[in-house]
Amino acid sequence: MTIDNHFAYKFIINYQLSIINCQLSKIMGKVALITGITGQDGAYMAEYLIKKGYTVHGIKRRASLFNTDRIDHLYQDPHVENRNLILHYGDLTDSMNLTGIIGEIKPDEIYNLAAMSHVKVSFDTPEYTANVDGLGTLRILEAVRLLGLVDKTRIYQASTSELYGLVQEVPQKETTPFYPRSPYAVAKLYAYWITVNYREAYGMHASNGILFNHESPLRGETFVTRKVTRAVSRIVLGMQKDVYMGNLSSKRDWGHAKDYIKAMYLILQQDKPDDYVISTGITTSIRDFIAMAFEEIGVTVDFTGEGINEIGTIVAVDKKVFNKKLGDHYYESFQKRMGEVVVKVDPQYFRPTEVDLLIGDSTKARERLKWQPYYTLPLLIRDMMDSDIKEMKKEAYLKEGGYKVLNYFE
Ligand code: NAP
Ligand code: F7E
């Protein structure tokens, strides 16, 4: 056999193998790898893809306690055969580990959702944040390239509205120049551009979703929305006196994570890779979010004062709404708190550089992906408040019964 023939045979065999692989994955369902599967978006994404018939692999970090609460309902005993959720230990800082997992499972789709995702904390851990959020993305792209999976594996990169930082245009869209304002955003800027570069240099199906803030009952407890819905629930149930907040004037474009993971999925189903803004197009201040969360249970809070002297005071309670949401049991003691201050400002929550205003224009996604959010902000707040009231009632019940309840202060 001549060398030319040898390469021709190899090419034909490889080509046939790739067709067989493709047909097999159609019959057997697709395989997805989710980094950050234990996080808010990772948990919703795993559930969504499993319902669509995918086999989902997830990367979880080793922790000294179980960290799989958010995916507990999907988790199966590792001894069960034909599982549709398989977890691997790993870390975005470990390229050998990532290359090993990707090489073993050869995913059709990778959703890179893992990150040190807290903006304020990124000022305390800038080097680590750059390593995970910036270089972590490079490690995944490079693993796919080196393993020869460029034509098979599609990659979603979790980019962020934080890239717009000190906004250069209102509203922000795909063409708005970036101006990151935190170590987190600067790391994500690298990840954004390395994704674009690998797409252009190697023809990878790699796309950025530039997602604006999205929340849910699964949101981490130290992000502002969840901090508020937890605190409001505890205050009305008599478990907490007040809450200390940071900058009340910044504005965010908040959507529901359940809507946003659908956009991520749609981005990877397009024939061509591209970058998309995902947002609701409505912006609200932190102050108004807090007022809306109290209003959800019939409590009116009025804000007075400025800067670090600003306070939120209870000025009215709608008994009917309050009782409907919480039950009569709590009204008597709560109405005695009329006129009391429940929201205060503590500068320890301020950031060295703040992102004052975010509001997205997601026209491109709405037209090309046919994506549209279902949840409005009031619906999102209802979902989060219902869930946290239930959670806090459980804690109150345990406390009454003499059981230990943890204090999570931040
Ligand atoms: P999240 O709840 O904080 O989840 C982050 C996930 O990343 C967790 O599973 C975490 O694991 C994992 N992780 C952190 N460091 C890691 C490391 N070194 N190696 C491997 N895994 C690591 O974040 P999210 O709200 O779901 O956001 C998902 C992604 O979207 C993130 O990349 C975030 O930056 C980005 N994003 C979020 C929003 C938003 O509003 N939610 C908007 C735009 C972009 P543990 O559970 O062990 O901590
Ligand atoms: O802050 C202000 C704070 O921490 C929102 C991440 O998912 O979304 C998230 O980043 C705003 C900021 O989210 C408190 O100063 C006031 O202006 O909920 P956050 P974030 O910084 O917008 C983007 C899109 C991401 O990509 C990130 O991963 O709220 N704020 N008082 C407060 N914030 C917190 N956390 N705590 C306060 O007490």
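The following dialogue examines how several descriptions of this predicted model are justified.

Trainee: What makes β3 and β11 the edge strands of the seven-stranded sheet?

Mentor: The seven strands form an open sheet in the order β3-β2-β1-β4-β5-β6-β11, with parallel pairing. Both β3 (85–89) and β11 (276–278) pair on one side only, and they are therefore edge strands, given that pairing requires at least two bridges between two strands. From one strand to the next the twist averages 20°.

Trainee: How do you know that β5 and β6 pair?

Mentor: At least two bridges are required for two strands to pair. Strand β5 (residues 154–160) and strand β6 (residues 206–211) share six bridges in the parallel sense, so the criterion is met. Within this pairing, Q157 stands opposite N208 in β6.

Trainee: Which strands does helix α5 touch, and what angle does its direction make with that of β5?

Mentor: Helix α5 (residues 126–146) packs on the sheet and touches β4 (109–112), β5 and β6. Its direction makes about 170° with that of β5. Another helix, α3 (residues 95–105), lies across β1 (31–35), β2 (55–60) and β3, and runs at about 165° to β1.

Trainee: Why is β1 described as mostly covered?

Mentor: A residue is buried if 20 or more other C-beta atoms lie within 10 Å of its own. Five of the five residues of β1 are buried, so the strand is described as mostly covered. Both of its faces are covered: V31, L33 and T35 lie on one side, A32 and I34 on the other, and all are buried.

Trainee: How do you know that β1 pairs with β2 and with β4?

Mentor: The threshold is again at least two bridges. β1 and β2 pair in the parallel sense over five bridges, and β1 and β4 do so over four bridges; both pairings therefore satisfy the threshold. L33 has H57 as its bridge partner in β2, while A32 stands opposite E109 in β4. Together with helix α2 (residues 40–51), β1 and β2 make a right-handed β-α-β unit.

Trainee: What makes up the shell around ligand 1?

Mentor: The shell consists of residues with a C-beta atom within 6 Å of the ligand. For ligand 1 there are 26 surrounding residues, the closest being G36, G39, A114, A115 and A158. The elements giving two or more residues to this shell are α2 and β5, and α2 gives the most, with three residues. By class, the shell around ligand 1 divides into 10 nonpolar, 13 polar and three charged residues.

Trainee: Which residues are closest to ligand 2, and how does its shell divide?

Mentor: Ligand 2 is surrounded by 22 residues, of which V119, T160, V224, G246 and S250 are the closest. Two or more residues of this shell come from each of α4 (119–124) and α7 (224–236). The division for ligand 2 is eight nonpolar, eight polar and six charged.

Trainee: What is the pairing in the sheet of four strands?

Mentor: This open sheet has the order β8-β15-β14-β13 and mixed pairing. Its edge strands are β8 (243–245) and β13 (299–304), each pairing on one side only. β13 and strand β14 (residues 311–317) pair in the antiparallel sense over six bridges, and V301 stands opposite I314 in β14. Helix α9 (residues 286–295) lies across β8, β13, β14 and β15 (341–345), running at about 155° to β13.

Trainee: Why is Y128 called partly exposed?

Mentor: Partly exposed residues fall between the limit for exposed, 12 or fewer neighbours, and the limit for buried, 20 or more. Y128, which lies in helix α5, has 15 C-beta neighbours inside 10 Å and therefore counts as partly exposed.

Trainee: Why do N82 and K106 receive different exposure labels?

Mentor: N82 has 6 other C-beta atoms within 10 Å and is therefore exposed. K106 has 16 such atoms and so is partly exposed. N82 is found in the loop between β2 and β3, and K106 in the loop between α3 and β4.

Trainee: What makes the backbone noteworthy at N82, K106 and P171?

Mentor: Most residues other than glycine have a negative phi, and most peptide bonds are trans. Phi is positive at N82, near 50°, and at K106, near 40°. The peptide bond from V170 to P171 is cis, with omega near -5°; P171 is found in the loop between β5 and α6 (183–202).

Note on methods:
Residues are numbered from 1 along each chain as its sequence is written. Chains are lettered from A and ligands numbered from 1 in the order in which they are written. This is a predicted model: local features need pLDDT of at least 70, side-chain atom pairs count only at pLDDT 80 or more; totals for chains, interfaces and linings use all residues. Axes are lines fitted to C-alpha atoms, for helices over the stretch in contact, and angles run from 0 to 180 degrees between N-to-C directions. Two residues are in contact if their C-beta atoms, placed from the backbone, lie within 7 Å. A crossover is right-handed if, with the strands pointing away from the viewer, the path from the first strand over the helix to the second runs clockwise. Ala, Val, Leu, Ile, Met, Phe, Trp, Tyr, Cys and Pro count as nonpolar, Asp, Glu, Lys and Arg as charged, and the others, Gly among them, as polar.
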